[in-house]
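Reader: I am new to this structure and would like to learn how to read it, feature by feature. Could we begin with what it takes to call a residue buried?

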There are 2 protein chains.
Amino acid sequence: MREGNLLKRINSPADLKKLNIKQLPALCDEIRETLIAAVSENGGHLASNLGVVELTVAMHFVFDCPRDEIVFDVGHQSYTHKLLTGRQHRFDTLRKENGLSGFPRPTESEYDTFIAGHSSTSISAAFGISRANHYKMKDDYVIAVIGDGALTGGMAYEALNNAGKAGSKLIVILNDNKMSISKNVGAIARYLAVIRSKPSYYAIKNRFIGFFGKIPFIGAGIKSGLERLKRGLKNMMYTSNMFEDMGFSYLGPVDGHDLGKLTTILATAKKMKRPAFVHINTVKGKGYSFAEQNPKQFHGVPAFDIETGDPFCDSQDNFSYQMGQYLCSLAEEDDRICAITAAMTEGTGLQSFKNYFKDRFYDVGIAEEHAVTFACGMSIKGMVPVFAVYSSFLQRGYDQILHDAAIQKCKIVLAVDRAGIVGEDGETHQGVFDAAFLNTIPGVTVFSPANYQELFLSLHLAVYDVDGVAAVRYPRGAQPVLPADYQPSESPFSLYGSRSGTAIITYGRLFAHACEAARELEEKDTPVQIVKLNRIKPLPDSLFDMLMDYDKLFFFEEGIRSGGIAEHTAAKLLQKGYKGSYHITAIDDRFIPQAPSDVILRRFKLDARGMTEVILESKSR
Amino acid sequence: MREGNLLKRINSPADLKKLNIKQLPALCDEIRETLIAAVSENGGHLASNLGVVELTVAMHFVFDCPRDEIVFDVGHQSYTHKLLTGRQHRFDTLRKENGLSGFPRPTESEYDTFIAGHSSTSISAAFGISRANHYKMKDDYVIAVIGDGALTGGMAYEALNNAGKAGSKLIVILNDNKMSISKNVGAIARYLAVIRSKPSYYAIKNRFIGFFGKIPFIGAGIKSGLERLKRGLKNMMYTSNMFEDMGFSYLGPVDGHDLGKLTTILATAKKMKRPAFVHINTVKGKGYSFAEQNPKQFHGVPAFDIETGDPFCDSQDNFSYQMGQYLCSLAEEDDRICAITAAMTEGTGLQSFKNYFKDRFYDVGIAEEHAVTFACGMSIKGMVPVFAVYSSFLQRGYDQILHDAAIQKCKIVLAVDRAGIVGEDGETHQGVFDAAFLNTIPGVTVFSPANYQELFLSLHLAVYDVDGVAAVRYPRGAQPVLPADYQPSESPFSLYGSRSGTAIITYGRLFAHACEAARELEEKDTPVQIVKLNRIKPLPDSLFDMLMDYDKLFFFEEGIRSGGIAEHTAAKLLQKGYKGSYHITAIDDRFIPQAPSDVILRRFKLDARGMTEVILESKSR
């Protein structure tokens, strides 16, 4: 069989099983080529997917999906799974509108067991499925695939702590790539490093697995300051293993790129009398040199040049990078300022801060809950912690923002990245809830800048002018172009455009669309004024007083409608006896699948054309 | 010195330090008497506070607060701390309006370092404080006091995982009372049980602590089905200790009621060169026989008779108990129904379910995140999991409800207990956010019954009529009295009272107040109709169509105003062109301190009298 023809024959895992195990490495090569080609075109998660090619092939070779079920944690490593389960003919649609999701999506395929996108959920879900199988007298396997990064999330422990009730058909596969998204820090990463370094102990203990070659001891990048903790952990590893102690049969570690060892260990796991915990060592970016050398850069990537590995976009022209740089400039002058990330140093633009202010930088692991309360602890003693986090992931910290930060008025700053539509990552990552959920929390201040200059202004206000919790929310990507005559302002809201009885109310990057809409409408003899909210919580009474004077108000909100700022504004106006017309355009009570951000804004009539249409339609009625 | 006079002399920890260590046991006796007397009058957390009398005395004897800082996890064990830090003269005001909080409250005293009320936050906060001390060049101690129950919460692990960066002045004290709120389940509880059983190993290892008597091996109530896991854990304990392996100097376990041993071990912890983890064994309810025998019943209690231990109220006349009983009746007929609690079996009324349907009952530990996603896993395979949880604690599951349940439309039922004002537990426990935060999540259905009959009806609808996530929210305590002629209905809303141009809109138990207000208003020639929402999300269009016909609408909401149902309704009406008057009475943008629920409802004009006043006032304007 000529290379290049194997993958085409795999329409389902049943086809995979027809191959000889010796053909699998060639299949893996084909898969890697397909992955690199698709991601270089469409963008996506490359390094993580390249790391699990052999693991995924081995899983489908050994297990019988969809009878057996695989739950991928976070889900950004499910591309090979998609290729092997009848979706390769659509793989060029990856992350495109109406195309394949970049994450498992049960509505897309019966092989996608459980949704994923946020971290550390797989063991909980798999345990639930295994319990349901128990009640239904089914003896199918349920396999959770979780990375070492996701294992730093507390929810994974809650699940491990509880999964002792699982039967023997639950298998947890630890995909240990030694760094997850950013470099893992903390006890767990060190713990795993020690396990990795001592395979022979487990080889003896799990005598069925034979001999494994020694794996080099710990990535060089482990923080030296943490070395002493590592030594403490070592003692444990010589003698015991936490996962066994939690009730699992521990198997591993094995080389996650050796198909013979992988299929053997998975077959062994099936025979265990307790739930099994299988430890696999993989290399992020495996098989594509640029990604292997710089897996963090190739975690989530835009389209790039395969030959050079260079992305087709400017890595500094985005809100994340600009936030990080401005934070450095503040930290230079003010030694109270600290930065916190939950395993997203690069994604949130904190690389420079990490380099220049090492002692004031914290990567706490994928631990948004801890991050918020840790920040509170620092703040009550006079530090000014800034937690940079994606809007969608901040959902994990809702209770901590409310209970630990807001009740006792801790001065912490939330730098809420990727607020609004995020585009291709789809429904699990849309940042359309933060405005609404922060709006429910008393005493929180929320800024929503439209460009970099406003971002800096908002951050400055958040650090120096706000008591209590301050959030600064900004979108994914680059700043929009604003009119040359628009001046950022420190006031809670700004007026732009000529006086009119009709106003657009909006905030964040939609302001750019509103300006364009206003120009178009002006040409169509429908002048509108723009009321731009710089601070979306709290809204000042003077805003509502002013809004009372308009005949027609059109609120455009890049966020969920229910509980959003547009509804809040409506309620204030109605109570004041507003008699004009009021129209909300926002994200309706639904989740938003993947598509380019501009397409989604278009669909919801949140772009300039949509705004123009909405206003003209209303006029014609 | 006569017994009974020691406590009176303690106006601050400095006074405590003047006592001879031999006087401390007598002091502890006085403290216990004071605690039992106060809680029997005011209600509160008894068993947990009785368990830490000696520990708290020892802490203040050894450390120098407020320079050194104690962070109590959950905080319902801080009464002795309050008695010793200048608050004993006000202790009879415990949990009363304007009185002492039942939880640490920094605004109440400089000795209360950090707010608490929700679980598993203390290590995060203490680590943050210790980092701030590092920057400020302060070498004061920061002490986190955390129970074995709180250690099942994932956030505690996130913090332990990260706390390796802490300096040597961080001390974590594990108050191991072997059961926390409900009986602990899972690997951690078993792990601790094994440590407890082998004190001599650590006595040797930590050679400074001398000899400890053997503690009986594990409470008898440990689930037999989990015994095999326990055996696995044992291996670990003979040889290693997870907390040491995470970078802490482990000390203990010691008898938490022996003041000599306690002061010795705490003094030793101060000298450690790494952060210290001090393991203390305590007995919940220590010193009050009824509480020792039944610590779960004496966890959070209403006022009770000291002589008999009997509470001054009916333990079955409350929504929690009624929910649990009805769930049993459903489970009897339908074997898909499972019940989940996060360490609140008794509090959420699931005791009967646990007894009768042992195989379908799950206490997952204090792990609301895991609980939700675990439920999702069961649901996608056809089970119907019901997660019973306090409204305030459900905040922890916001992301999981949104991301794991709602996006993939999992059919799970949330039985949201203590929704609305909870009264004496104060700001950390008020259930006033669930309506607003659930309202932001697409596709969720929320019922808000007013009495037991409606509770049953709502639960039935949630289980049999709703696709996707269904929440049934109900208040703390007993059902209110509704008019005899009122009939519960399955429709999303009901009308009650005579036709009028003025309507009260409300939901939940406020409906009883609305009925009373309507009667009073009728007598004052101000007839109002009541629009009662049975289902607060989604609200049907027919509701808004109908509301358009009223001249005056008064929405009374026992929940936060921002993002609440009243604002949502206002926005719908304003967009439809409603020209009448609209008035919202709700919880303003603030947190609500402790007071009896009726007093708080009164203050916010959410009771019958308040409703009457609001409507009459508006009329006179």
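Author: A residue is buried if 20 or more other C-beta atoms lie within 10 Å of its own. Please keep in mind throughout that this is a predicted model.

Reader: Which residues of H4(B) are buried?

Author: Helix H4 of chain B, which spans residues 53-62, is mostly covered, with 10 of its 10 residues buried. The list runs through B:Val53, B:Glu54, B:Leu55, B:Thr56 and B:Val57, and continues with B:Ala58, B:Met59, B:His60, B:Phe61 and B:Val62. As general background, an α-helix has 3.6 residues a turn, so residues three or four places apart point the same way.

Reader: How should I read a strand, and how many residues of strand S18 of chain B are buried?

Author: In a regular strand the side chains alternate between the two faces of the sheet. Strand S18 of chain B, residues 552-560, is mostly covered, since 8 of its 9 residues are buried.

Reader: In which sense does S18(B) pair with strand S19 of chain B?

Author: S18(B) and S19(B), the latter covering residues 581-587, pair in the parallel sense over 6 bridges, and in this pairing B:Leu553 stands opposite B:Tyr582 of S19(B). Strand S15 of chain B, residues 502-507, also pairs with S18(B) in the parallel sense, over 4 bridges, and here B:Ile505 stands opposite B:Phe555 of S18(B). Together with helix H23 of chain B, residues 565-576, the strands S18(B) and S19(B) make a right-handed β-α-β unit.

Reader: How many residues of chain A are in contact with chain B?

Author: The size of an interface is often given as the accessible area lost when the parts come together. Here we can count residues instead: 98 residues of chain A are in contact with 99 residues of chain B. On the side of chain A that touches chain B, the largest share, 10 residues, comes from helix H6 of chain A, residues 122-135. Sorted by class, that side has 46 nonpolar, 37 polar and 15 charged residues.

Reader: What turn lays chain A on chain B?

Author: A turn of 180 degrees, with a shift of 0.0 Å along the axis, lays chain A on chain B with an RMSD of 0.0 Å. That is the relation of a two-fold axis. Of the interface residues of chain A, 100% are also interface residues in chain B, so the copies meet through the same surface.

Reader: Where in chain A does pLDDT stay under 50?

Author: The mean pLDDT of chain A is 90, and 89% of its residues reach 70 or more. However, pLDDT stays under 50 over residues 199-239 of chain A, and also over residues 180-184 of that chain. The model as a whole scores ipTM 0.92 and pTM 0.92.

Notes
Residues are numbered from 1 along each chain as its sequence is written. Chains are lettered from A and ligands numbered from 1 in the order in which they are written. This is a predicted model: local features need pLDDT of at least 70, side-chain atom pairs count only at pLDDT 80 or more; totals for chains, interfaces and linings use all residues. Two residues are in contact if their C-beta atoms, placed from the backbone, lie within 7 Å. Helices (H or I, at least four residues) and strands (E, at least two) are DSSP runs, numbered from the N terminus. Ala, Val, Leu, Ile, Met, Phe, Trp, Tyr, Cys and Pro count as nonpolar, Asp, Glu, Lys and Arg as charged, and the others, Gly among them, as polar. Copies are superposed by least squares on the C-alpha atoms of residues with pLDDT of at least 70 in both. A residue is buried if 20 or more other C-beta atoms lie within 10 Å of its own, exposed if 12 or fewer, and partly exposed in between; C-beta atoms are placed from the backbone. Two strands pair if DSSP finds at least two bridges between them. A crossover is right-handed if, with the strands pointing away from the viewer, the path from the first strand over the helix to the second runs clockwise. pLDDT is the predictor's confidence in each residue, from 0 to 100.
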